[in-house]
Amino acid sequence: MIILKHRMNYNEQTGIHNHLPYNIPYSFTLKLSPFFGKVLSITSVPSKACPGNCIHCNFGKTSYQTVDRQSFYALRHNSTLIKDFIDQHNDLDYIEISGPGEVGLNAELNLLIDDIRKATNVPVHIDSCGYLCWRISVHNDFCKADAVSVRIDTADRETYHKVNAVHQQIPFERYITGIRQFRSNFKGDFYVKTCLVDGVNTDDASMYKLNALLKSLSPDSIFVSSSQVHFDNKVYPVLDHDRLVALSTRLGPHVVLSDIIHQCA
Ligand code: SF4
């Protein structure tokens with residue numbers, strides 16, 4: 001297990017936050033990640049368009065729950081801006097395509113990746129939740145990236161509906177089968193994000209099943225975090241560090257724990 005000790009301060013997270021003109025509402029953020037290094041993060045979906053409505057989501061409640069891909073922004077018109085921004089920062093370690101919401105909903109993802117490829121050789125990381133991997137177009141777009149992260153909080157169907165509250169068109173089997181097929185075709189780095197909510201997905205049986213599922217997917221790393229959750233009129237406190245380490249140990253040797261545990265999305 002790797003425990004990342006780096007703690008970001010506000011300035012590091014938001015060093016440059018350059019909003020594009022109001023009618024082209026993309027935003028770029030430069031951030032320092034203890035795992036990925038210096039990252040240019042490109043927001044590619046409006047807040048919060050997502051097939052899920054996870055109880056631990058850092059972006060709050062889902063306002064637009066959908067499984068349909070859409071052209072949210074005029075991505076094609078941003079090619080020059082993307083290139084200019086990349087040109088100004090020639091020491092990037094990764095370019096990340098991220099939320100707040102599910103990246104796979106952006107129907108122009110493949111065009112965005114093409115634009116980035118034309119501008120730079122910096123590897124592209126897609127920070128997804130993985131709920132749309134069963135869609136062939138999403139599968140194909142994700143395969144164009146160098147690294148992809150997906151979310152798996154549980155291996156249990158009931159807990160999945162409770163924790164992730166995903167759109168009814170994505171039953172557990174469809175979600176996991178999509179991730180499994182993507183994993184078997186994807187040649188890049190494959191990461192899993194897991195949020196542990198004490199008393200919800202942390203009992204012995206849940207951890208045992210989750211470990212078996214993750215093992216079968218052979219992720220390069222598993223990013224484990226915890227978050228305080230308000231759910232069903234109850235407050236589930238964030239796991240303390242020792243308990244988080246103890247539980248994470250059960251998920252195998254590829255766990256990466258960060259002391260930056262405010263970000264569960
Ligand atoms: S954690 Fe990811 S999948 Fe879950 S609601 Fe938030 S953005 Fe959507």
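Two residues count as being in contact here if their C-beta atoms, placed from the backbone, lie within 7 Å. Keep that in mind for the whole-protein view: among contacts between residues at least 6 apart in sequence, 74% join residues at least 24 apart. What you have open is a predicted model.

**Stop 1: the whole protein**

Start with everything shown as a cartoon. You should be able to pick out 8 helices and 14 strands. Of the 265 residues, 39% are buried.

**Stop 2: the parallel strands**

Select residues 147-151, which form strand β9. This strand is mostly covered, with 4 of its 5 residues buried. Now add residues 124-127, strand β8, which pairs with β9 in the parallel sense over 3 bridges. To see how the two line up, click on I126: V148 in β9 stands opposite. Between these strands comes helix α4, residues 136-143, and β8, α4 and β9 together make a right-handed β-α-β unit.

Next, add residues 189-196 for strand β10, which runs parallel to β9 and is joined to it by 5 bridges. V148 is a handy landmark again, since its bridge partner in β10 is F190.

Keep going to residues 221-226, strand β11, where 5 of the 6 residues are buried. β10 and β11 pair over 6 bridges, in the parallel sense. Look for T194, whose bridge partner in β11 is V224. To get from β10 to β11, the chain passes through helix α7, residues 204-217, in a right-handed β-α-β crossover.

While you have the strands on screen, try showing their side chains. In a regular strand, side chains alternate between the two faces of the sheet.

**Stop 3: the nonpolar core**

Which residues touch the most other members of the largest nonpolar core? Select I126, C133, F142, V150, L196, V197 and V224; the core has 60 residues in total. Some of these you have met already: I126 faces V148 across the β8-β9 pairing, and V224 is partnered with T194.

Zoom in on F142. Leaving aside residues up to four places away in sequence, F142 touches I126, S128, C133, V148, F182 and F186.

**Stop 4: around the ligand**

Center the view on the ligand. It has 14 residues around it, and C50, G52, C54, C57 and C129 come nearest. Color this shell by residue type and you get 6 nonpolar, 6 polar and 2 charged residues.

From here, go to Y131, in the loop between β8 and α4. Is Y131 buried or exposed? Y131 is buried, because it has 26 C-beta neighbours inside 10 Å and the cut-off for buried is 20 or more. Not counting residues up to four places away in sequence, Y131 touches P51, G52, E102, V166, I170 and Y175. Try the distance tool too: Y131 and G178 are 47 residues apart in sequence, yet their C-alpha atoms are 7.9 Å apart.

Then select Q65, in strand β6, residues 64-65. Q65 touches C50, P51, N53 and H167, again leaving out residues up to four places away in sequence. It has 18 other C-beta atoms within 10 Å, so Q65 is partly exposed. For another distance, draw a line from Q65 to E102: 37 residues apart in sequence, and 9.9 Å from C-alpha to C-alpha.

**Stop 5: backbone oddities**

Most residues other than glycine have a negative phi, and most peptide bonds are trans. Where are the exceptions worth a click? One of them is the cis peptide bond that joins S47 and K48, with omega about -15°. K48 lies in the loop between β4 (37-43) and β5 (49-50). Another cis peptide bond joins G99 and P100, with omega about 25°. You'll find P100 in the loop between β7 (94-98) and α3 (109-119).

For positive phi, select A165, where the angle is near 40°. A165 sits in the loop between α5 (157-164) and α6 (172-185), and is partly exposed, with 18 other C-beta atoms within 10 Å.

Finish at D232, which is not a glycine but has a positive phi of about 55°. Its place is in the loop between β12 (229-231) and β13 (234-236). D232 counts as exposed because it has 9 C-beta neighbours inside 10 Å.

Methods:
Residues are numbered from 1 along each chain as its sequence is written. This is a predicted model: local features need pLDDT of at least 70, side-chain atom pairs count only at pLDDT 80 or more; totals for chains, interfaces and linings use all residues. A residue is near a molecule or strand if its C-beta atom, placed from the backbone, lies within 6 Å of it. Ala, Val, Leu, Ile, Met, Phe, Trp, Tyr, Cys and Pro count as nonpolar, Asp, Glu, Lys and Arg as charged, and the others, Gly among them, as polar. A nonpolar core is a set of buried Ala, Val, Leu, Ile, Met, Phe, Trp, Tyr and Cys residues joined through C-beta atoms within 7 Å. A residue is buried if 20 or more other C-beta atoms lie within 10 Å of its own, exposed if 12 or fewer, and partly exposed in between; C-beta atoms are placed from the backbone. Two strands pair if DSSP finds at least two bridges between them. A crossover is right-handed if, with the strands pointing away from the viewer, the path from the first strand over the helix to the second runs clockwise.
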